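Q: I have a protein model open and would like to learn how to read it, beginning with its surface and then moving inward. Could we go through it together?

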Amino acid sequence: VTGVAQVPTSGVASVVFNVTATQAAGAGFITSWPTGLGRPLASTLNVNRVNETRANSAILGVGSSGRISFFNQPASHLLADAFGYFLS
């Protein structure tokens, strides 16, 4: 995420995102975390039924590579829109 859409390439500690799951295959969750770290047990967003579209805002730390990882279970389309950031 760093270096994309006016997010600086360095000095960024975390990014403010709107995470949206749509066309979900069923009830499940989205988890997000700084790339390079282990996936946390907490979800960023929960989906309750098939074909549901649901969004949630989150502040996500960025990994040393400036990236964020996402995991979704079960399958869904995932949108992640950055709309702010915090400098370290």
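A: Let us start with a term: accessible areas come from the Shrake-Rupley method with a 1.4 Å probe. In this model, which is predicted, the protein exposes about 5,100 Å², and carbon and sulfur atoms supply 52% of that area.

Q: Which pattern does the protein follow along the sequence?

A: Reading along the sequence, you meet the pattern β-β-β-β-β-β, since the protein has six strands and zero helices. The radius of gyration is 13 Å, close to the 12 Å that the globule rule gives for 88 residues, so the protein is as compact as a globular protein of that length.

Q: How many aromatic pairs does a search of the whole structure find?

A: Rings pair if their centres lie within 6.5 Å, and the search finds two such pairs here. Phe17 and Phe70 form an edge-to-face pair, with 6.2 Å from centre to centre and 80° between the planes. Because Phe17 lies in strand E1 and Phe70 in strand E5, this pair ties together parts that are 53 residues apart in sequence.

Q: Are Phe17 and Phe70 buried or partly exposed?

A: Buried means under 20% relative accessible area, so Phe17, at 3%, is buried, whereas Phe70, at 29%, counts as partly exposed.

Q: What can be said of the rings of Phe29 and Phe71?

A: Their centres are 6.0 Å apart and their planes are at 40°, so the pair is tilted. This pair links strand E2, which holds Phe29, to strand E5, which holds Phe71, across 42 residues. In addition, Arg39 lies over the face of Phe71, at 3.8 Å from the ring centre.

Notes: Residues are numbered from 1 along each chain as its sequence is written. This is a predicted model: local features need pLDDT of at least 70, side-chain atom pairs count only at pLDDT 80 or more; totals for chains, interfaces and linings use all residues. Side-chain values use heavy atoms; hydrogens and water are left out. Helices (H or I, at least four residues) and strands (E, at least two) are DSSP runs, numbered from the N terminus. The radius of gyration is taken over C-alpha atoms; the globule rule is 2.2 Å times the number of residues to the power 0.38. Rings of Phe, Tyr and Trp (its six-membered ring) pair if their centres lie within 6.5 Å; planes under 30 degrees apart count as stacked, over 60 as edge-to-face and the rest as tilted. Buried means under 20% relative accessible area, exposed over 50%, partly exposed in between (1.4 Å probe, protein chains only). A charge sits over a ring if NZ of Lys or CZ of Arg is within 6 Å of the ring centre and within 35 degrees of the ring normal.
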